[in-house]
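Hi,

Here's the structure I said I'd pass along. Have a look first, and my notes follow underneath.

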Amino acid sequence: MPRGQNLYFRIYNAVRKIPRGKVATYGQIAALIGSPRSARIVGWALRSLDPGTKVPWQRVINGQGMISIENMNCPKEQQALVLRQEGVEVMQRDGNFWVDLGKYGWQTD
DNA sequence: GGTTTGACCCTAA
DNA sequence: ATTAGGGCCAAAC
(Lines give C-alpha, C1' and ligand atoms only; values in the text may rest on other atoms or scores of the structure.)
Protein backbone atom coordinates (compact mmCIF):
# COMPACT_ATOMS: atom_id res chain seq x y z
CA MET A 1 0.00 0.00 0.00
CA PRO A 2 1.25 3.51 -0.72
CA ARG A 3 2.66 5.30 2.25
CA GLY A 4 0.32 8.19 1.60
CA GLN A 5 -2.62 6.01 2.50
CA ASN A 6 -2.00 6.71 6.15
CA LEU A 7 -2.30 10.41 5.47
CA TYR A 8 -5.44 9.79 3.46
CA PHE A 9 -6.88 7.83 6.36
CA ARG A 10 -6.16 10.74 8.66
CA ILE A 11 -7.89 13.11 6.28
CA TYR A 12 -10.95 10.93 5.97
CA ASN A 13 -11.09 10.46 9.71
CA ALA A 14 -10.82 14.19 10.31
CA VAL A 15 -13.55 14.86 7.77
CA ARG A 16 -15.78 12.33 9.48
CA LYS A 17 -15.34 14.26 12.71
CA ILE A 18 -17.05 17.26 11.19
CA PRO A 19 -20.38 17.65 13.02
CA ARG A 20 -23.59 17.77 11.02
CA GLY A 21 -24.72 21.25 10.15
CA LYS A 22 -21.15 22.58 10.16
CA VAL A 23 -18.54 23.07 7.46
CA ALA A 24 -14.75 22.89 7.64
CA THR A 25 -12.04 24.28 5.40
CA TYR A 26 -9.16 22.40 3.82
CA GLY A 27 -6.77 24.31 6.04
CA GLN A 28 -8.52 23.10 9.16
CA ILE A 29 -8.46 19.51 8.03
CA ALA A 30 -4.81 19.86 7.09
CA ALA A 31 -4.10 21.29 10.54
CA LEU A 32 -5.92 18.41 12.20
CA ILE A 33 -3.83 15.82 10.39
CA GLY A 34 -0.66 17.64 11.41
CA SER A 35 0.18 19.43 8.16
CA PRO A 36 -1.35 22.92 8.26
CA ARG A 37 0.48 23.83 5.06
CA SER A 38 -0.69 20.80 3.12
CA ALA A 39 -4.25 21.81 2.44
CA ARG A 40 -3.79 20.71 -1.17
CA ILE A 41 -3.30 17.13 -0.09
CA VAL A 42 -6.77 17.24 1.43
CA GLY A 43 -8.11 18.28 -1.95
CA TRP A 44 -6.26 15.40 -3.58
CA ALA A 45 -7.60 12.97 -1.04
CA LEU A 46 -11.19 14.12 -1.43
CA ARG A 47 -10.79 14.14 -5.18
CA SER A 48 -9.86 10.49 -5.11
CA LEU A 49 -12.95 9.64 -3.11
CA ASP A 50 -15.56 7.35 -4.60
CA PRO A 51 -19.10 8.60 -5.37
CA GLY A 52 -20.50 6.24 -2.74
CA THR A 53 -18.08 7.15 0.02
CA LYS A 54 -19.17 7.52 3.62
CA VAL A 55 -16.89 10.51 4.10
CA PRO A 56 -18.83 13.80 4.27
CA TRP A 57 -16.55 15.50 1.79
CA GLN A 58 -19.42 17.83 1.07
CA ARG A 59 -18.78 19.58 4.39
CA VAL A 60 -15.26 20.45 3.32
CA ILE A 61 -14.87 23.75 1.46
CA ASN A 62 -12.09 26.24 0.82
CA GLY A 63 -10.96 28.98 3.19
CA GLN A 64 -13.12 31.53 1.44
CA GLY A 65 -16.18 29.56 2.42
CA MET A 66 -17.22 28.72 -1.11
CA ILE A 67 -17.32 25.52 -3.07
CA SER A 68 -14.55 25.03 -5.60
CA ILE A 69 -15.67 21.84 -7.26
CA GLU A 70 -16.37 22.18 -10.95
CA ASN A 71 -16.11 19.03 -13.04
CA MET A 72 -16.90 16.34 -10.55
CA ASN A 73 -19.44 13.57 -10.82
CA CYS A 74 -21.41 15.43 -8.15
CA PRO A 75 -22.28 18.98 -9.24
CA LYS A 76 -22.04 21.88 -6.82
CA GLU A 77 -25.79 22.15 -6.86
CA GLN A 78 -26.20 18.80 -5.23
CA GLN A 79 -23.51 19.59 -2.72
CA ALA A 80 -25.21 22.82 -1.75
CA LEU A 81 -28.49 20.95 -1.57
CA VAL A 82 -27.03 18.40 0.83
CA LEU A 83 -25.56 21.16 2.96
CA ARG A 84 -28.97 22.77 3.16
CA GLN A 85 -30.41 19.48 4.30
CA GLU A 86 -27.70 19.33 6.93
CA GLY A 87 -28.90 22.69 8.20
CA VAL A 88 -26.27 24.91 6.63
CA GLU A 89 -27.56 28.03 4.96
CA VAL A 90 -25.98 28.18 1.53
CA MET A 91 -26.10 31.49 -0.32
CA GLN A 92 -25.72 31.76 -4.07
CA ARG A 93 -23.21 34.18 -5.50
CA ASP A 94 -23.18 34.45 -9.25
CA GLY A 95 -23.31 30.73 -9.90
CA ASN A 96 -21.02 29.87 -7.02
CA PHE A 97 -22.19 28.85 -3.59
CA TRP A 98 -21.19 30.72 -0.47
CA VAL A 99 -21.33 29.64 3.18
CA ASP A 100 -20.91 31.86 6.22
CA LEU A 101 -17.95 30.35 8.04
CA GLY A 102 -18.52 32.73 10.94
CA LYS A 103 -21.75 30.89 11.80
CA TYR A 104 -21.46 27.46 10.19
CA GLY A 105 -17.69 27.16 10.38
CA TRP A 106 -16.62 24.17 12.45
CA GLN A 107 -14.91 25.38 15.61
CA THR A 108 -12.19 22.82 16.14
CA ASP A 109 -10.20 24.30 19.01
C1' DG B 1 14.41 9.01 -11.60
C1' DG B 2 12.56 14.30 -12.82
C1' DT B 3 8.57 17.33 -14.19
C1' DT B 4 3.77 18.86 -13.93
C1' DT B 5 -0.48 19.44 -11.85
C1' DG B 6 -3.85 19.84 -8.21
C1' DA B 7 -11.46 20.35 -4.88
C1' DC B 8 -5.53 25.13 -1.32
C1' DC B 9 -3.41 28.76 1.93
C1' DC B 10 -0.53 32.58 3.21
C1' DT B 11 2.11 36.80 2.44
C1' DA B 12 3.48 40.81 -0.20
C1' DA B 13 2.94 44.59 -3.49
C1' DA C 1 -9.94 46.34 -1.86
C1' DT C 2 -7.48 42.94 -5.67
C1' DT C 3 -3.63 40.46 -8.08
C1' DA C 4 0.75 37.94 -8.07
C1' DG C 5 3.91 34.79 -6.28
C1' DG C 6 5.78 31.07 -3.27
C1' DG C 7 5.05 26.89 -0.62
C1' DC C 8 3.40 22.65 0.81
C1' DC C 9 2.75 17.14 -0.04
C1' DA C 10 1.03 13.52 -2.94
C1' DA C 11 -0.23 11.45 -7.34
C1' DA C 12 0.01 11.21 -12.43
C1' DC C 13 2.96 11.50 -16.69
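By class, how many nonpolar, polar and charged residues does the surface near DNA strand B have? The split is eight nonpolar, five polar and two charged. Bear in mind that this is a predicted model.

Staying with the DNA side: 15 residues sit around strand B, and R40, W44, L46, R47 and G63 come nearest. Of the strand B atoms within 4 Å of the protein, 34% belong to sugar and phosphate.

A few polar contacts to look at:
- Y26 puts a polar side-chain atom 3.1 Å from a base nitrogen of DNA strand B.
- L46 uses a polar backbone atom, which is 2.5 Å from a base nitrogen of the strand.
- S68 has a polar side-chain atom 2.9 Å from a phosphate oxygen of strand B.

Helix 2 (26–33) and helix 3 (39–47) are the elements that give two or more residues to this surface. Helix 3 has the largest share, with seven residues.

As for the fold, chain A has five helices and four strands, running α-β-α-α-β-α-β-β-α from the N terminus. Its radius of gyration is 13 Å, close to the 13 Å the globule rule gives for 109 residues, so chain A is as compact as a globular protein of that length. The C-alpha trace spans about 40 × 30 × 20 Å along its principal axes.

Inside, 39% of the 109 residues are buried. Among contacts in chain A with a separation of 6 or more, 58% link residues 24 or more positions apart. Chain A exposes about 7,100 Å², 47% of it supplied by carbon and sulfur atoms.

Cheers

Notes. Residues are numbered from 1 along each chain as its sequence is written. Chains are lettered from A and ligands numbered from 1 in the order in which they are written. This is a predicted model: local features need pLDDT of at least 70, side-chain atom pairs count only at pLDDT 80 or more; totals for chains, interfaces and linings use all residues. Side-chain values use heavy atoms; hydrogens and water are left out. A residue is near a molecule or strand if one of its heavy atoms lies within 4 Å of it. A polar contact is a pair of N or O atoms within 3.5 Å; within protein, one must be able to donate a hydrogen and the other to accept it, and residues adjacent in sequence count only if both atoms are side-chain atoms. Ala, Val, Leu, Ile, Met, Phe, Trp, Tyr, Cys and Pro count as nonpolar, Asp, Glu, Lys and Arg as charged, and the others, Gly among them, as polar. The radius of gyration is taken over C-alpha atoms; the globule rule is 2.2 Å times the number of residues to the power 0.38. Buried means under 20% relative accessible area, exposed over 50%, partly exposed in between (1.4 Å probe, protein chains only). Contact means heavy atoms within 4.5 Å. Accessible areas come from the Shrake-Rupley method with a 1.4 Å probe; for residues, only the protein chains shown count as cover.
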